[in-house]
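Work through these short exercises with the structure open. Each task is followed by its solution.

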Amino acid sequence: MTSVPPLTATQKQQLFEEYQRRMRSCVPWSPAMPYTPEMNLVGDTYHTLNAFPELAPSDAPVPQLNPAECADSPNKRFRYCIRLHRAGHQLMTWFGDRTGSVLFDSDVHIPAIYQCLPDQPGVWNETPWMSLTPAELLTLREGSRMAKGRVVIAGLGLGHQLIEVSKRLQVKEILLVELSQELVDFYLPRVRPLVKKRLTVLVGDAYQIVPTLTADVALIDIFPAYGGNEAATRELARRSPKIKKMWGWGTATLRR
């Protein structure tokens with residue numbers, strides 16, 4: 001294993017000056033702002049959907065959260081919490097095939113949901129299944145803007161895209177396809193009052209259900225990671241002749 005040489009005094013000073021520059025250049029967050037690889041944001045302006053406002057934010061490891069800091073689904077396959085992200089700590093961002101980072105000038109609260117390890121209810125993955133970071137919001141935006149008429153949304157997630165699509169005047173009704181009945185029962189009641197259009201929920205495998213549906217647009221967010229999802233989206237579109245347009249989250253290969 002190759003050891004990493006320690007930073008020199010000059011390198012440390014350069015890093016400190018770069019950090020100070022970023023903290024001084026923070027601007028208010030807007031869901032409509034363009035993506036840039038370097039995003040420096042005013043923390044007090046970053047507000048997202050919190051479906052469990054009674055929970056206290058925490059930066060403790062997810063398995064160590066107490067009942068006041070998390071909500072678990074009945075069979076402990078999903079855990080919802082509010083991650084306390086500290087000022088000045090960078091988060092990775094991505095958009096299309098680009099990656100970058102975001103920095104906030106004050107602490108922010110980021111809703112997140114974690115999934116259990118396979119066949120181990122109550123034993124949680126270290127990384128979130130989904131969280132409402134700027135990267136998530138900006139990369140879902142492209143699909144939401146395509147929505148019109150009868151729209152299929154594959155993947156409930158944290159409900160952000162479902163709610164945003166329902167706000168669009170061009171949208172008449174939404175068909176939500178979600179694999180997990182447990183997630184639907186646990187989470188959808190928390191966000192359902194914010195959905196302003198007629199909503200039908202179909203529980204099952206999107207790869208099997210979506211090809212049977214008729215819609216103007218289908219928004220597919222069922223992939224395990226962002227990037228490299230072009231082939232799966234194209235194949236699903238090929239098998240779905242009654243869907244006019246299809247968009248897939250992460251239909252790009254990331255590059256730094």
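**Exercise 1.** Decide whether Trp249 is buried or exposed in this predicted model.

Solution. Take the relative accessibility of Trp249, which is 6%. Buried means under 20%. Trp249 therefore counts as buried.

**Exercise 2.** Classify the ring pair of Tyr226 and Trp249, then place both residues in the chain.

Solution. The structure holds 10 aromatic pairs. In the one formed by Tyr226 and Trp249, the ring centres are 5.0 Å apart. Rings pair if their centres lie within 6.5 Å. Next, the angle: the planes of Tyr226 and Trp249 meet at 65 degrees. Over 60 degrees counts as edge-to-face, so this pair is edge-to-face. Now the positions. Tyr226 sits in the loop between β12 (215-220) and α6 (230-238). Trp249 belongs to the segment after β13 (243-248). The two are 23 residues apart, and their pair links distant parts of the chain. Last, the burial of the partner: Tyr226 has 14% relative accessibility, so Tyr226 counts as buried.

**Exercise 3.** Which residues do ring pairs link into a cluster?

Solution. The cluster is made of Phe52, Tyr80, Phe186 and Tyr187.

**Exercise 4.** Examine the backbone at Lys76 and Asp119, then sort the two residues by exposure.

Solution. Start with the rule: most residues other than glycine have a negative phi. Lys76 is not a glycine, yet has a positive phi of about 55 degrees. Asp119, also not a glycine, has a positive phi of about 60 degrees. Locate them. Lys76 is in the loop between β2 (70-72) and β3 (78-85). Asp119 is in the loop between β6 (108-117) and β7 (120-124). Finally, exposure. Lys76 has a relative accessible area of 40%, so Lys76 is partly exposed. Asp119 is at 74% and therefore counts as exposed.

Technical notes:
Residues numbered from 1 in each chain as written. Predicted model: local features only at pLDDT ≥ 70, side-chain atom pairs only at ≥ 80, totals over all residues. Heavy atoms only, no water. Phe/Tyr/Trp six-rings, centres within 6.5 Å; stacked < 30°, edge-to-face > 60°. Helix = DSSP H or I, 4+ residues; strand = E, 2+ residues; numbered from the N terminus. Buried < 20%, exposed > 50% of the residue type's maximum accessible area, 1.4 Å probe, protein only.
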